[in-house]
Number of protein chains: 2
Amino acid sequence: MLDATSSYKPWIDASPVDEQDRTRIVPETIRRADRTPGNRYGNRPTMKDVAARAGVGLKTVSRVVNGEPGVTPETERRVQEAIDALGFRRNDSARVLRKGRTASIGLVLEDLADPFYGPLSRAVEEVARAHGALLINGSSAEDPDREQELALALCARRVDGLVVIPAGDDHRYLEPEIRAGVATVFVDRPAGKIDADVVLSDNYGGAREGAAHLIAHGHRRIGFIGDMPRIHTAAERLRGYRAAMEDAEIPVEDSWMSLGVTDPERVRRAAEEMLSGPRPVTAIFAGNNRVTVTVIRVLAEEARRVALVGFDDLELADLLQPGVTVVAQDAAALGRTAAERLFRQLDGTLITPERIELPTRLITRGSGELPPAD
Amino acid sequence: MLDATSSYKPWIDASPVDEQDRTRIVPETIRRADRTPGNRYGNRPTMKDVAARAGVGLKTVSRVVNGEPGVTPETERRVQEAIDALGFRRNDSARVLRKGRTASIGLVLEDLADPFYGPLSRAVEEVARAHGALLINGSSAEDPDREQELALALCARRVDGLVVIPAGDDHRYLEPEIRAGVATVFVDRPAGKIDADVVLSDNYGGAREGAAHLIAHGHRRIGFIGDMPRIHTAAERLRGYRAAMEDAEIPVEDSWMSLGVTDPERVRRAAEEMLSGPRPVTAIFAGNNRVTVTVIRVLAEEARRVALVGFDDLELADLLQPGVTVVAQDAAALGRTAAERLFRQLDGTLITPERIELPTRLITRGSGELPPAD
DNA sequence: TAGAGCCTGGACAACGTTGTCAGATGCAGG
DNA sequence: CCTGCATCTGACAACGTTGTCCAGGCTCTA
């Protein structure tokens, strides 16, 4: 249960640029019980306190804390003692303000709980870590507004860079930020209406290969179930499917295609529809991992053997009967590549935006090699 | 490839408290190409700039930006114009410093790429979002030092709260932070040597139920493959397994148990060993999802039908032949519960640390109901 | 012994924001 | 016309850190 007293997007809504004269919600500050009387940070000692206790100047403490040279061992010892005694820890908020670098990068993705994005996020984190940066991530839940909200909130926090898995198709709202120096890389889907670094999988090629694979095994009536075509990956995969069909000179019937369908219930209905009717499909191409999972369930209940190729790999896919043939993309490689480009931007090594496409890999495991059952 | 020129843990190593006189690595600042001449934030306008342009005072801009009352519509319009023209965005670093709240919480987990932690992390994020806070997460990779490093780095950034999935078993290093007001909740595993809020699954009860389930189906020689017992969850599950065996008055033989084993190669060997020998096990209890996956693979190659119960649910587990019986825990509920307690701490509603155990659920799908094959 | 040069330590300002407080303005009523 | 009050606005300090710069004490050399 979520706390009913909290407003939904407090901090973010305080941001002024997006909309003009809508009523603003005052940021809800997170209240905290005053545990000890003291300053706002719950009575935390500052360098000043340490300096006073050690009987040295403020800057000397700073030097010790940061391992800068020019402090006698004796002085250093005294300062260290004071630090330990007071339990001092440097306030990086202040440090950030002063230095102008936050040593943190933001990642806006679709859903952290999706098994595809976990490894991607982890890969970004590892690269960030290697550069001494922390990672802040947020899920857009496929909502363009929420994506923008998140990305701009991250910019307000002055993340040094931003990795975005777009939910929307217009990213002009990031232009001022990029101009102001926020390194930005888009992953998995291209940026909309701005020129920026993009790292993608070869969705078109992968889907084309996958569909061609089914065709090569004798299928002609091949169904396609995918997400909304406004999502780039979905559109590209659909295009790949169509291209393969066209290559084989198979006219695609509308009833074979189901777009914008991703929740289990509707995928199920879509699949069942394709499989009934007078001219049922003999194979299905599933446009993403979630669709694939549901289709597998549907096919498991079918009497007929229907072929299946899915986009995105699944754990255990090899252990099913039959094993699930998939077009696999390397989520970790996507994340790593994007993050590395991000830091190259920050280095100043990288100037012109590029579009990188990572290859996909067809993994045959059985389900895609079933012959048509009609 | 990681940038070879970057030191590994630059920012974190600068933290002074942990160790005494080891050489400190100077934080590597993330360099950035100077895109435009200007201030440190890559020429970002500040409120001062906006004020100058709008011909008003600094504080008036602040008022407009934060939607505070007491600004005439005309003045507000002028300020908004200046904001839009300059592309101003409030610098939350400064705001944080001034307000003493960061509106962000930290999550230290084991591995973001693990399908168990994805949903957990997402659940924490959702709660944080409902409270207007952002989530910073980091992976400890099961390394206690790295856990500490991360947690303290987050504290240095003055996160308002910390959700920790412990890798180590001594968290006294967090005492000064907690005393200083950092709300702290441990999830999935208990805190070591400090008194703190803890949210756990009932690992003991779940494992006991799982093992008892196998016993109830006639098994007596039941193998156990789990992680290092220094990991609390692993130890508890082992304890549950032992308890079930004891309840049934079955003496456990050493060769049935394999502890501290989690990488596929070694799990495979361990399983194969249990299944060979003169008195092979007829069932295996797998101590976590990664172990389960590997055991499934091994069993798929076996001629005999060996029963299996795994701890943690798996996607597609129902579609295997036979379906995999598991003791499921609700990762999202763990995360949600922990995060909610965290914010209750911040509210001041919550004072005394508690230990919460969430129940597990035995899901029978076939593999756990196979009779012994001897 | 004086002068130059080095080493250590500290005073001070600045980073960009918000809280406090007092000044300015406008209007109503005596 | 002046007073009192309400409304709007802005000057200023403070948050905790780091960069700059200078002072004082020391050593070394001529």
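In this predicted model, helix α2 of chain A spans residues 47–54, and its buried residues are Met47(A), Val50(A), Ala51(A) and Ala54(A). Viewed down the axis of α2(A), these buried residues fall within an arc of 100°, so they line one face of the helix. The other side of α2(A) carries Lys48(A), Ala52(A) and Arg53(A), which are exposed. The cover over the buried residues of α2(A) includes two elements of chain A, α3 and α4 (73–86). After α2(A) comes Gly55(A), which has a positive phi, near 70°.

**DNA strand D**

The protein places 28 residues around DNA strand D, and those that come nearest are Arg98(A), Gly57(B), Arg63(B), Thr72(B) and Thr75(B). Sugar or phosphate accounts for 62% of the atoms of DNA strand D within 4 Å of the protein, and bases account for the rest.

Both bases and phosphate of DNA strand D take part in the polar contacts described here. In chain A, a polar side-chain atom of Lys59(A) is 2.9 Å from a base nitrogen of the strand. Arg98(A) brings an N or O atom of its side chain to 2.3 Å from a base oxygen of DNA strand D. In chain B, the contact of Gly57(B) comes from the backbone, with an N or O atom 2.6 Å from a phosphate oxygen of DNA strand D. The elements giving two or more residues to the surface near DNA strand D are α3 (58–65) and α5 (92–99) of chain A, together with α3 (58–65) and α5 (92–99) of chain B. The largest share of this surface is that of α5(A), with four residues. By residue type, the surface near DNA strand D holds eight nonpolar, eleven polar and nine charged residues.

**DNA strand C**

DNA strand C is surrounded by 29 residues, of which Gly57(A), Thr72(A), Thr75(A), Met47(B) and Arg98(B) are the closest. Of the atoms of DNA strand C within 4 Å of the protein, sugar or phosphate makes up 62%, while the rest belong to bases.

Arg63(A) makes a base contact: an N or O atom in its side chain lies 2.7 Å from a base nitrogen of DNA strand C. Thr75(A) makes a phosphate contact, with a side-chain N or O atom 2.2 Å from a phosphate oxygen of DNA strand C. From chain B, Ser62(B) has a polar side-chain atom 2.8 Å from a phosphate oxygen of DNA strand C. Near DNA strand C, the elements that contribute two or more residues to the surface are α3 and α5 of chain A along with α3 and α5 of chain B. Here α5(B) gives the most, four residues. The residues of the surface near DNA strand C comprise eight nonpolar, eleven polar and ten charged.

**A buried threonine in chain B**

Thr102(B) sits in the loop that runs between α5 and β1 (104–109) of chain B. Its relative accessibility is 3%, so Thr102(B) counts as buried, the limit being under 20%. The side chain of Thr102(B) reaches the backbone oxygen of Arg158(B) at a distance of 2.9 Å.

**Salt bridges**

Over all chains, the count of salt bridges comes to 56. The table gives three of them.

| Salt bridge | N to O distance |
|---|---|
| Asp92(A) with Arg90(A) | 3.0 Å |
| Arg78(B) with Glu74(B) | 3.8 Å |
| Asp92(B) with Arg90(B) | 3.0 Å |

In chain A, Asp92(A) and Arg90(A) are both buried. In chain B, Asp92(B) and Arg90(B) are likewise both buried.

The partners Arg78(B) and Glu74(B) belong to helix α4 (residues 73–86) of chain B, where they stand four residues apart, about one turn of the helix. Arg78(B) counts as partly exposed because its relative accessibility is 30%. Glu74(B) is also partly exposed, at a relative accessible area of 42%. In chain A, Glu74(A), Arg77(A), Arg78(A) and Glu81(A) are joined into one network by salt bridges that share partners.

Key:
Residues numbered from 1 in each chain as written. Chains lettered and ligands numbered in written order. Predicted model: local features only at pLDDT ≥ 70, side-chain atom pairs only at ≥ 80, totals over all residues. Heavy atoms only, no water. Near = heavy atom within 4 Å. Polar contact = N/O pair within 3.5 Å; in protein donor to acceptor, adjacent residues only side chain to side chain. Nonpolar A, V, L, I, M, F, W, Y, C, P; charged D, E, K, R; others polar. Buried < 20%, exposed > 50% of the residue type's maximum accessible area, 1.4 Å probe, protein only. Arc of directions from axis to C-beta. Contact = heavy atoms within 4.5 Å. Salt bridge = Lys/Arg side-chain N within 4 Å of Asp/Glu carboxyl O.
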